[in-house]
Amino acid sequence: MSDRSIIATSVGHPTSDGAGVRLTRLIGAGGVSMIDPFLMLDEFGSDDPEAYIGGFPDHPHRGFETVTYLLAGEVEHKDSAGNRGTLVPGSVQWMTAGRGVIHSEMPRIREGRLWGFQLWVNLPAALKMTPPRYQEIPPHAIPEVAVAGGLVRVVAGRFGDVVGAVREVAVDPLYLDLRLEPGAGLTVPVAADHDGFIYPYRGSVTVEGGPLERGTLGVLGPGDMVALVAGRGGAGALLVAGRPLGEPVARYGPFVMNTRAEIERA
């Protein structure tokens, strides 16, 4: 067994998307443009409705997957195929856009905090034109594992004997929400052939290679486990890994394909 260390960091880039939603781009801008197979990670979070009320009206996607994980607030989504639902705190939606879908994600709250993440996961060339599908998982259906000094929510992948709520994803992802008390330590196995990152959204963690404060994403180096310790204020952190595709990436706005010609057709 070998510990993974932090080999690069990103403090994120303030930007906006949709109808003016203010967010922080942690992967896809600045120093970390991509962690194969992860194309983008945005954190959105504000107590000011003006920062999020415009939401993300109808827009297309093709060639990849979007993962929305909500910590606070409510978001209603619907698409061109007639699917619709509402994300609440602790829920996740793993949407496979495949050959194409038009959808919207709109806040259902008019006051209070909206807080969550959207991750873009690339699809291999052989699956880019697959039919669209959704996996929408309510909070109670995401397994939680008690550990010394905290708990682990298993969104996707495996932690110990527990298998995550999201299944049958091409890149065999690990997506964990780690919630630790001050000073608590935890070791998480991560497949040696996966690339990944850790992001403390609350408090701080120390990993091989140094501490990570809230708001700083750490890119994980090679190894087959991540050993971390929560800081004095405890920690909430996302630990995400997936099998890299090693394929050409051509992207333009909401489309991610393998060649420029495929982008132009999209």
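**Note on a predicted, strand-rich chain**

1. Strand E11 is a good place to start, since both of its faces are covered. On one side Leu114, Gly116, Gln118, Trp120 and Asn122 are buried, and on the other side Trp115, Phe117, Leu119 and Val121 are buried as well. The strand spans residues 114–122, and nine of its nine residues are buried. In a regular strand the side chains alternate between the two faces of the sheet. The model discussed here is a predicted one.

2. E11 belongs to an open sheet of seven strands, ordered E2-E3-E4-E11-E6-E9-E12, with antiparallel pairing. The edges are strand E2 (13–17) and strand E12 (133–137), each of which pairs on one side only. On average, neighbouring strands of this sheet are turned by 20° against each other, direction ignored. Strands of a sheet pair through backbone hydrogen bonds, either parallel or antiparallel.

3. What flanks E11 in the order of the sheet? E4 and E6 are its neighbours there. E4 and E11 are antiparallel and share eight bridges; within this pairing, glutamate 43 has phenylalanine 117 of E11 as its bridge partner. E6 is also joined to E11 by eight bridges, again antiparallel, and here alanine 72 is the bridge partner of tryptophan 115 in E11.

4. Phenylalanine 117 deserves a point of its own. Beyond its neighbours within four places in sequence, phenylalanine 117 is in contact with Leu41, Asp42, Glu43, Phe44, Val67, Thr68, Tyr69, Leu71, Tyr199, Tyr201 and Leu238. Phe117 is also listed, with Tyr69, Leu119, Tyr175, Phe197 and Leu217, among the residues with the most contacts inside the largest nonpolar core, which has 33 residues. Apart from that core lies another, of 26 residues, including Phe159, Leu180, Ala184 and Ile198. In soluble globular proteins, nonpolar side chains tend to be buried together.

5. Further along the sheet, strand E6 (residues 64–72) pairs with E9 in the antiparallel sense over five bridges. In this pairing valine 67 stands opposite tryptophan 94 of E9. Is valine 92, in the strand E9 (residues 92–96), buried or exposed? Its relative accessible area is 0%, so valine 92 is buried. Leaving out neighbours within four places in sequence, valine 92 is in contact with Val67, Thr68, Tyr69, Leu87, Gln135, Glu136, Ile137, Ile142, Val155 and Val166.

6. At the other end of the sheet order, E2 and E3 pair in the antiparallel sense over five bridges. Threonine 15 has leucine 23 of E3 as its bridge partner. The two strands form a hairpin with three residues between them, and glycine 18 in the turn has a positive phi of about 60°.

7. Some backbone features should be checked by eye. Most residues other than glycine have a negative phi, and most peptide bonds are trans. The bond joining aspartate 36 and proline 37 is cis, with omega about 15°. Proline 37 sits in the loop between strand E3 (21–27) and strand E4 (38–46). From valine 92, proline 37 is 55 residues away in sequence and 19 Å away in space, C-alpha to C-alpha.

8. Where is glutamate 168 found? The residue is in the loop between strand E16 (162–163) and strand E17 (174–180), and it has a positive phi of about 55° although it is not a glycine. Its relative accessible area is 70%, over the 50% cut-off, so glutamate 168 is exposed. Aspartate 172, in the loop between E16 and E17, also is not a glycine and has a positive phi, of about 50°.

9. For the chain as a whole, the secondary structure comes to one helix and 24 strands. The radius of gyration is 18 Å, which agrees with the value near 18 Å for a compact globule of 266 residues. Along the principal axes, the C-alpha atoms fill a box of roughly 50 × 45 × 35 Å.

10. Of the 266 residues, 52% count as buried. The chain exposes about 11200 Å², and carbon and sulfur atoms supply 51% of that area. Among contacts between residues at least 6 apart in sequence, 71% join residues at least 24 apart.

Methods: Residues are numbered from 1 along each chain as its sequence is written. This is a predicted model: local features need pLDDT of at least 70, side-chain atom pairs count only at pLDDT 80 or more; totals for chains, interfaces and linings use all residues. Side-chain values use heavy atoms; hydrogens and water are left out. Buried means under 20% relative accessible area, exposed over 50%, partly exposed in between (1.4 Å probe, protein chains only). Contact means heavy atoms within 4.5 Å. Helices (H or I, at least four residues) and strands (E, at least two) are DSSP runs, numbered from the N terminus. A nonpolar core is a set of buried Ala, Val, Leu, Ile, Met, Phe, Trp, Tyr and Cys residues joined through side-chain atoms within 4.5 Å. Two strands pair if DSSP finds at least two bridges between them. Axes are lines fitted to C-alpha atoms, for helices over the stretch in contact, and angles run from 0 to 180 degrees between N-to-C directions. The radius of gyration is taken over C-alpha atoms; the globule rule is 2.2 Å times the number of residues to the power 0.38. Accessible areas come from the Shrake-Rupley method with a 1.4 Å probe; for residues, only the protein chains shown count as cover.
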